[in-house]
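Visitor: I have not looked at this one before. Could you walk me through it?
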Number of protein chains: 2
Amino acid sequence: MPDAADPAPMNAPSRRKFRREGEERRRQDLIEATLDCVAEYGLQGATLRTIALRAGVTAGLIRHYFPGKEELLQEAYSALVGRMTEQAKAALVMGDASPRQRLAAFVTANLNAPIIDARVFSLWATFLGRANADLTLAHAHREGYLGFRNEVEAVVAEVLAAEQRRPDASQLRHHAIAINAIIDGLWIEGCLAGEMFSPGELAAIGIKAVEAELGLAPLEHDPEK
Amino acid sequence: MPDAADPAPMNAPSRRKFRREGEERRRQDLIEATLDCVAEYGLQGATLRTIALRAGVTAGLIRHYFPGKEELLQEAYSALVGRMTEQAKAALVMGDASPRQRLAAFVTANLNAPIIDARVFSLWATFLGRANADLTLAHAHREGYLGFRNEVEAVVAEVLAAEQRRPDASQLRHHAIAINAIIDGLWIEGCLAGEMFSPGELAAIGIKAVEAELGLAPLEHDPEK
DNA sequence: AGGCTATTTATACACTTGCACAACAAGGCC
DNA sequence: GGCCTTGTTGTGCAAGTGTATAAATAGCCT
C-alpha cells in the first residue's frame, strides 16, 4: 500500500503528493492543529510551520484559508470556547429529573472527564492570559462566562422554587456567582492536579459545597436512587 | 540639568551613558521588567530587547545576570509565586481575633486589591498555561497551591474547634479544598471582570459561601463591631 | 589623579518567524 | 481524454529572535 510519509525516494525534484480536501474540513483541521500546538508549545511555539506540520499540510496553505495568524488564533479560541460552553450546558438537558438532581448532575459533569482535562485547561489559561491586552479574547470570554452563569442561575431558581423558597434577584445572582466560583475553582484543581483526588471526589465536594451554599438540607440515605 | 534620555545630539559615534547598579538591584529590576512584559505582551512578546528596554538597559546586559532567557523567566515566575503566597498568607496574621474573624479577614483580603489584580491574573494564567509542558512551572505551582490550602485547612480546624466540632481528617481536607476553590473562583471572576461587582461584593459572597460550606450559623446583627 | 576591573554597551551572527508569490497538480467539467 | 479552476506546494524575503563577543566606560582602590 502507498505510504504517504515517504520523504524523498528519488533524487529528482519530486514534489510532495497531496489531496484536495473540502474547505470546511481543512479549516477544521487547521483550527484543531492550532489548538494542539498552543496546548503543547504555548502561543510562542504555535508557529505557522508547526501548525501546518501538525495538520499535515505546508505552511503556505494557511494563508489560503485565513488572512493571517491572528485570525487563525481568534477562530481557534472561539471554537474552544464554543465547545466548552456547549459541553457544560449539555449536562443540563435531562428530561425527567428534579431540579436538585439536575443541579447535582450539572456539577458532576463539570468536574469529571472530558471537562476536567489538562489540555483544555492549558488552552484556557494560555488564551485568558492575553485577555487583558486582547479585547477580542476578553469579549469572547465574557460571553461564555455570562452564558454559563445564567444557566447556573436558572437552575438555582428552579431548585429553590421546588423548595418553596422565594429568593430576590440579588440573592439569586449571588448564589449563581458563588456556585460558578465553586465549579471553576474545583475545575482548575482537577485539571492541574487530577491525580491528587480520587475519582468522583471533586464532584462530591462540589455537590456538597453547592448544596451548602443554597442551604439545602442534606439527603439522608438517598431515598430512591 | 542633564537629561539621560537624550538620544544622539552629536553625529559623532556617541555611546549611551549608563550607571552601574548593584547586582541585587539590577536582577530585581530585570525580573520586574520581565513580569511587566509578560503581563502586557505575553510570553511571545517578552523578548530580551523589550525586557531590556523596559528595565532601562540594553539587551546584552541580561546575559550578564542570567544564563539565558529560560532562567530569567523561571526566576520571574518564582518571584511572582512567592509574592502571591506571601500576600495571601499575610492576611492570616491577626493578633487578637476569633478564628471565625480571621477566616473572614482572610477571605476578604484575598478578594480585594491588591490580590484582585488584572496584571497578576494575566501573569498567573500565562505561566500556568505552560504548566503542562514545563515541569518546573508545574512544581512551583503545586508548592504554592498546597501551601495555600494547608493554611486554609489550619484556619478551618481552628474555626470548627471553636464551635465544639470535631471533623475528621477527610472532612477537614474536603472543606479546605472547597474553600480554596471558592476563593480561587471568585478571585478569577474579580480579576477578569472586576467592574461587574460592587466594591466588597465578592468578599461578601465569599464569606457567605465559606461559612455555608462550614455550616456556621449566620451572625444575626454583628454583635459588637 | 591614575589605573583596574567588572558592568554595560554595541555589533555580529545564525536561525526562526510571518508573509508574499510563482509554480504546480488534483480533480471536476465538457 | 484534455482543459481549467483552484487548492496546494515550495521558495524567497525582510524583520525579529536569542546568543556570543569585542569594545568602552563608570566607579572604586591606592
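Guide: A term to begin with: buried means under 20% relative accessible area, exposed over 50%, and partly exposed in between, with a 1.4 Å probe and protein chains only. At 8% relative accessibility, A:Cys191 counts as buried. This is a predicted model, in which local features need pLDDT of at least 70, side-chain atom pairs count only at pLDDT 80 or more, and totals for chains, interfaces and linings use all residues. Residues are numbered from 1 along each chain as its sequence is written, chains are lettered from A and ligands numbered from 1 in the order in which they are written, and side-chain values use heavy atoms, leaving out hydrogens and water.

Visitor: How many disulfides are there over all chains?
Guide: The search of the whole structure finds 0. A disulfide here is a pair of cysteine sulfur atoms within 2.5 Å.

Visitor: Why is there no bond for the sulfur of A:Cys191?
Guide: The closest cysteine sulfur, in B:Cys191, is 18 Å away, which is too far for a bond.

Visitor: And B:Cys37, buried or exposed?
Guide: B:Cys37 counts as buried, because its relative accessibility is 1%.

Visitor: New topic. How is chain A laid on chain B?
Guide: A turn of 180 degrees and a shift of 0.0 Å along the axis does it, with an RMSD of 0.1 Å. The two copies are therefore related as by a two-fold rotation axis. The superposition is by least squares on the C-alpha atoms of residues with pLDDT of at least 70 in both copies.

Visitor: Through what surface do the copies meet?
Guide: They meet through the same surface, because 98% of the interface residues of chain A are also interface residues in chain B. Contact means heavy atoms within 4.5 Å.

Visitor: What about helix H6 of chain A, how many of its residues are buried?
Guide: In H6, residues 118-128, 9 of the 11 are buried, so the helix is largely enclosed by the rest of the structure. Among them are A:Phe121, A:Trp124 and A:Phe127. Helices (H or I, at least four residues) and strands (E, at least two) are DSSP runs numbered from the N terminus.

Visitor: What covers those buried residues of H6(A)?
Guide: The cover includes H1, H4, H7 and H8 of chain A, together with H6 and H8 of chain B.

Visitor: Anything at the start of H6(A)? What does A:Asp117 reach?
Guide: A side-chain oxygen of A:Asp117 comes within 3.2 Å of the backbone nitrogen of A:Arg119.

Visitor: Now the DNA. Which residues come nearest to strand C?
Guide: Of the 26 residues around DNA strand C, the nearest are A:Arg63, B:Arg15, B:Arg20, B:Arg26 and B:Tyr65. A residue is near a strand if one of its heavy atoms lies within 4 Å of it.

Visitor: Which atoms of strand C are within 4 Å of the protein?
Guide: Sugar or phosphate makes up 61% of them, and bases the rest. One base nitrogen of strand C is 2.8 Å from a side-chain N or O atom of A:Arg49. A polar side-chain atom of B:Thr58 lies 2.7 Å from a phosphate oxygen of strand C.

Visitor: And which are closest to strand D?
Guide: 25 residues surround DNA strand D, the closest being A:Arg20, A:Arg26, A:His64, A:Tyr65 and B:Arg63. Sugar and phosphate account for 68% of the strand D atoms within 4 Å of the protein. A side-chain N or O atom of A:Arg15 is 2.9 Å from a base oxygen of strand D.

Conventions. Polar contact = N/O pair within 3.5 Å; in protein donor to acceptor, adjacent residues only side chain to side chain.
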